[in-house]
Each structure stands twice: as C-alpha cells, then as structure tokens.
Amino acid sequence: MSGRRVGFCLSDKKRRRMNLGAFAELCAGHGVEVVEIDLSQPLVSQGPFNVIVHKLSDVIVEAEHNSQSQQLLANFQSYVSAHPSTVLLDPLPAMTQLLDRFTSYRIMSKLHNSLRDWRICSPPYLEIHSASDMLSIQQAMVTQGLSFPLICKTRVAHGSLSHEMSLIFSAGSLADVRRPCVLQSFVNHGAVLHKVFVVGDRHFCVERPSLKNFPSGPCDRKTIFFNSHEVSKPESNSHLTALDEQMPCLPPPSSEAVAALVRELRVQLSMALFGVDVIINIHTHTLTVIDINIFPGYEGVPQFFSSLLSHIESVLDRQTAAGSQAAGSSEATQATGGPSARTASL
C-alpha cells in the first residue's frame, strides 16, 4: 500500500466537534493523508486505508431496529474482514461492549480487585431489566449493597437519551425508574468530576462541575431528573452543582493511581480512544470510577490533535515494521528451500 492513508468514519456532528479539517491539515504536514469516509458509498472505492478511526455508535445502536443501518454496518464489517491489514481504532467488539452499560459496569466492578493496591473502586450497581418488578429490585438492592440516593442511567450508553438521568431518594420513588437501566449508589464527591481522556499511551485529566452532595440514606425528596451534559459541561451553571455546605477542597486524583487505572482499562477494553469519569469520595478519598465513554470529545485537552497524530504514527510505524518482517521471513524461507521455493520449482 503506497502512502500513509487514514480513514475517518464519523458522524457529521462528531467531525464538526473534532474539527477534522484542521486535524487533516496537521496530518498532511507529517505525510499522513486523512480521508473522510462516506458509509453510503462502497469503501473499496474510497480505500485503501492503513488505519480507520471511527465512532460507529449511531450505526451500531440503530442496526438493532433499522435495516439500512444493518446494511451499512454489514458493509463496513465486510470491508474490514477483506482487509485484515487495516488497523481499526478501535475494534468494533471493544466499542460495542461500551454501548451497553450492563457490560461496561461489569468491567468497572472488577477494578476493585485488579487495582486494590491503588484504592480504586466503583459504586455498587444493579442491572434493571425491562421485566424487573419493584419487590425484586428492592431485594436485589439489599443483596448488592446499594444505598440511597441512587443514580439511574439508561442501559444504552449512546445518544441523547443516554444523558437523561435521575436521582432517586427512596424505595417509593423506584416507580420512576425507566427500564432497562442501571441503578448505581450515589457517592458524595464535592460536586467535582474528573474526566480522564485516553489517547493511546497518553492520558489527560480535566476537572468538570458535577452533582452536589446529598444526605445519605432514604428520604421523602422527589426524584430529580437531569441531563448529565447540562450538569458536567465546562460552562455548566446548574443549581444541582452548587454545594449547600462549605467543605474543604478534595485532593486531586493521584497521578499514579490514574495512570494505573488507564493501564488496566487499556488491557481490559483493548481500546486506545476512550474516556473515564472518576470522582473522589469525600469521606474515604477513594478514587471511584462511575462511567466509561467511547471516543469522547476531548474538550479541555489542547494536546489532543498532537497526541492522536502521535498514536496514529506509532500504529503506522508498527504496521510498516510488521510488513517488513513478514517480507523478510518470506525471502528467508525461499532462500533456504522452504515451501515457497519448492512450489516455485515445480
């Protein structure tokens, strides 16, 4: 394959937010050609590609009930299967698992064991299926160690509805749960969220506003419905983020602990482009993982372009090295009378 071509398969909205045109100019200065992939057209006519960077979340979710999206996804998978040397950032199975909070929360729940030395954990949670009844939910809460208040999140971790969440304060308010979903014990964290953005072997931690503290235990407060984007965007100015009490500033996350978390998740997820939402428990100062995100927006990370280009170049370099090694092995086999040489002499 001549040149170094990287295809970007993103929604129009993601391209605009990322400012893909500006990134393409940066890449061009380093000998890397960026191609915007149009899924409605045959990929063969748009290739070849050394690397494809994608966020097919929309297509994957819609493919469950939309035949056109099913066909687009099938075409993409067929191209990838027919071109095994093309590197995907990130692998489709890895991304698909993070679209389901049932699956991603199971991954998060295991971090307590693998990162015990770093005092990293995730809150107790419960999977609520469509057929779950109130009695079984309450019984499972006790078994799983959940406590009020609870934060309720949709099962599907993509799309505008995935940001619609609620805070539930009592068993009587569990009727407000919109199934299927996950219930997660709310951890007081001083209204500060730390978003960890991962790009290959680099990561960046950005502070954002978050939900204020609430009294522990059940109470008769009505369910609070909110949009997580409105609460945790850099410019957010929500009454839900204003602390009701004075409290000392929490220490920032340990850089060593965050690095250990990123290393572990890169192995567990087999991904290079993802985000992790972490908070600091105001009582224990434990680093608490509350969500994992696919190919996030990297807002507040000025080094994103240079880091992404660096990671793509490292992937391309490994690809070139692997190709050279394979070619060298083939030549050595022929020179020593291996199978290829025997076939050629027949």
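How many nonpolar, polar and charged residues are in the lining of the second largest pocket? I'll get to that below.

**Ground rules.** I'm working from a predicted model, where local features need pLDDT of at least 70, side-chain atom pairs count only at pLDDT 80 or more, and totals for chains, interfaces and linings use all residues. Residues are numbered from 1 along each chain as its sequence is written, and side-chain values use heavy atoms, with hydrogens and water left out.

**Confidence.** I looked up the pLDDT (the predictor's confidence in each residue, from 0 to 100): the chain's mean is 91, and 93% of its residues reach 70 or more.

**Sheet.** I found four strands (DSSP runs of E, at least two residues, numbered from the N terminus) in an open sheet, ordered β2-β1-β3-β4, with parallel pairing. Pairing here takes at least two DSSP bridges between two strands. β2 (33-36) and β4 (87-89) are at the edges with a single partner strand each, so one side of each has no neighbour in the sheet. β1 (residues 5-9) pairs with β2 over four bridges, in the parallel sense. Phe8 sits opposite Glu36 in β2.

**Pocket.** Next I checked the second largest pocket (an open set of points on a 1 Å grid over the protein atoms alone, where a 1.4 Å probe fits, with protein on both sides within 12 Å along at least five of seven lines; lining residues have an atom within 4 Å of a point). Its lining has 22 residues, and Thr154, Arg155, Val156, Leu161 and Ser162 are the closest to the centre. β7 (150-154) and β8 (164-168) each give at least two lining residues. And the opening count: eight nonpolar, seven polar and seven charged. In this scheme Ala, Val, Leu, Ile, Met, Phe, Trp, Tyr, Cys and Pro are nonpolar, Asp, Glu, Lys and Arg are charged, and the others, Gly among them, are polar.
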